[in-house]
Amino acid sequence: MAKVLPEPSRTFGEYLLIPNLTTRDCIVANVDLKTPLVRFKKGEEPALSLNIPMVSAIMQSVTDDKMAIALAKNGGCGFIYGSQSIEDQAEMVRRVKKYKAGFVVSDSNLTPENTLKDVLALLAKTGHSTMAVTEDGTSHGKLLGIVTSRDYRISRDSEDKKVKDFMTKFDDLVVGHKDMTLKEANDLIWEKKLNSLPIIDDEQKLVNMVFRKDYASDKEYASALLDEEKRYVVGAGINSRDYAQRVPALVEAGVDVVCIDSSEGFSEWQYDTIKWIRDNYGDSVRVGAGNVVDREGFRYLAEAGADFIKIGIGGGSICITREAKGIGRGQASAVMEVAQARDEYFEETGIYVPICSDGGIVHDYHITLALAMGADFVMLGRYFARFDESPSAKVKTSKGYMKEYWGEGSNRARNWARYDLGGKKELSFEEGVDSYVPYAGRLDDGVAITLHKIKSTMCNCGSKNLKHFYENARLTLVSAVSIKEGSAHDVVLKDEFNQ
């Protein structure tokens, strides 16, 4: 008969932390969130570490090159989605590695034949009023002009008026050359009193844009995650089908770490993928695997040679795997069991394999709970999808501004490879939904608040680093009544009273 586990499947929302003694030096400013990203031997340092315990999900609606750059600036790592062509994914990786702080790839581009109607539509989509006019309408085409809000008046100009008739033409622009430094670009902006400076190459092709408003943020981020050449660290998703073609292209583009993207990773397909990477690249290519929810799954992938292992099946906000297939486990239960298996494996072999909690995060404090339960870092989808830097569209709804967010198992994504069990190449049924999440502004601001909460809670628990936190944290189960007690209760909130 089937084996039934005696303990119920528990979620993060069923736990709270019990405070430990907070010493005088245990303050937010002294908390270090550095954590290993890839496996390492006892007594050695990991080849890759994160400066904050956060990575972004391998999803179309979450992580492109723009998100990867923004997260690396803050000390985390973005994993660029793999449900696209090999060439397009490799190019995104290449853009991250070539990115220079302050030099932005233009994401609002037009051709001279576009109309004012197109300008307004692009403004609504991106929120950016400065638009490059290139010969082919791409971000790296031959620059012919610039359109800003000063070039047209909605009340006077017809929507069918062509861009070439009101743009600021190239001959009237101040431009910079691709070889100039950021300091030189900013000096030119201030000298000429510009809001933006197009950067071009010898063939007049647009390379980047530099904006006056970004001057303050162009300063080096103290926690930025950089490689040995001072480039931003970036990850990428792969699958167990085309890895022999995809991995070489990503490596050539400069990827730092790859991760097999699958809803369920306890499989021979993942073993074969890892083995191929080891046979062809040794340890020079770092590869994460998963997802698993128990010690058996962890052990299988650790022995296969995975550099880190993701935990979680069906706990994502847009994931309906449990509903569709009846498979999965509460995220808290999964993390605690796999953390114990990781510790046992380290004790036996002297090899530490980091684990990543993927899914089940509703509130910021759930991240802290995941870390207390043993996760080395967390992978977040919905959390990062809310920010300006995610690739999805911002839309205005009756409930305010939202960002589009869809699962990789939805019909919109049609990422059959993530749910592949060796069958035909198509998505047989949905394991994800198409949705909205409330718009949350800039990533820098949101991540700063979340990190402050994590550090503050760690101080309440007497910990200044994640290892001490995991080893000394005390957790308690909570009842339904105590959950209600923990929120505002038995009062009338002013916002509700005034409605």
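The following exercises, each with a worked solution, concern the predicted model shown above.

Residues are numbered from 1 along each chain as its sequence is written, and side-chain values use heavy atoms, with hydrogens and water left out. In this predicted model, local features need pLDDT of at least 70 and side-chain atom pairs count only at pLDDT 80 or more, while totals for chains, interfaces and linings use all residues.

**Exercise 1. The chain as a whole**

State how many helices and strands the chain has, and determine whether the chain is as compact as a globular protein of its length.

Solution.
- Step 1. Helices (H or I, at least four residues) and strands (E, at least two) are DSSP runs, numbered from the N terminus. The chain has 15 helices and 24 strands.
- Step 2. The radius of gyration is taken over C-alpha atoms, and the globule rule is 2.2 Å times the number of residues to the power 0.38. For 499 residues the rule gives 23 Å, and the chain has 24 Å, which is close to that value; the chain is therefore as compact as a globular protein of that length.
- Step 3. Along the principal axes, the C-alpha atoms fill a box of roughly 75 × 65 × 50 Å.
- Step 4. A contact means heavy atoms within 4.5 Å. Among contacts between residues at least 6 apart in sequence, 65% join residues at least 24 apart.

**Exercise 2. A covered helix**

Identify the buried residues of helix α10.

Solution.
- Step 1. Buried means under 20% relative accessible area, exposed over 50%, and partly exposed in between (1.4 Å probe, protein chains only). By this measure, 52% of the 499 residues of the chain are buried.
- Step 2. Helix α10 spans residues 364-372, and eight of its nine residues are buried.
- Step 3. The buried residues of α10 are Asp364, His366, Ile367, Thr368, Leu369, Ala370, Leu371 and Ala372.
- Step 4. After α10 comes Gly374, with a positive phi near 125°.

**Exercise 3. Two salt bridges between distant parts**

Locate the partners of the salt bridges Lys66–Asp107 and Asp307–Arg278, and decide whether each residue is buried or partly exposed.

Solution.
- Step 1. A salt bridge is a side-chain nitrogen of Lys or Arg within 4 Å of a carboxyl oxygen of Asp or Glu. The structure holds 34 of them.
- Step 2. In the pair Lys66 and Asp107, the closest N and O atoms are 3.5 Å apart. Lys66 belongs to helix α1 (residues 65-73) and Asp107 to the loop between α2 (86-98) and β7 (109-110); the pair, 41 residues apart, links distant parts of the chain.
- Step 3. Lys66 has 33% relative accessibility and so counts as partly exposed. Asp107, at 37%, is also partly exposed.
- Step 4. Asp307 and Arg278 meet at 2.6 Å, N to O. Asp307 lies in the loop between α7 (295-304) and β17 (308-311), and Arg278 in helix α6 (residues 268-281); these two are 29 residues apart and again link distant parts of the chain.
- Step 5. Asp307 and Arg278 are both buried.

**Exercise 4. A loop residue and its neighbours**

Describe the position of Thr130 and list the residues that it touches.

Solution.
- Step 1. Thr130 is in the loop between α3 (116-126) and β8 (131-134).
- Step 2. Its relative accessibility is 18%, so Thr130 counts as buried.
- Step 3. Leaving aside residues up to four places away in sequence, Thr130 touches Ser108, Ile146, Val147, Thr148, Ser196, Met209 and Phe211.
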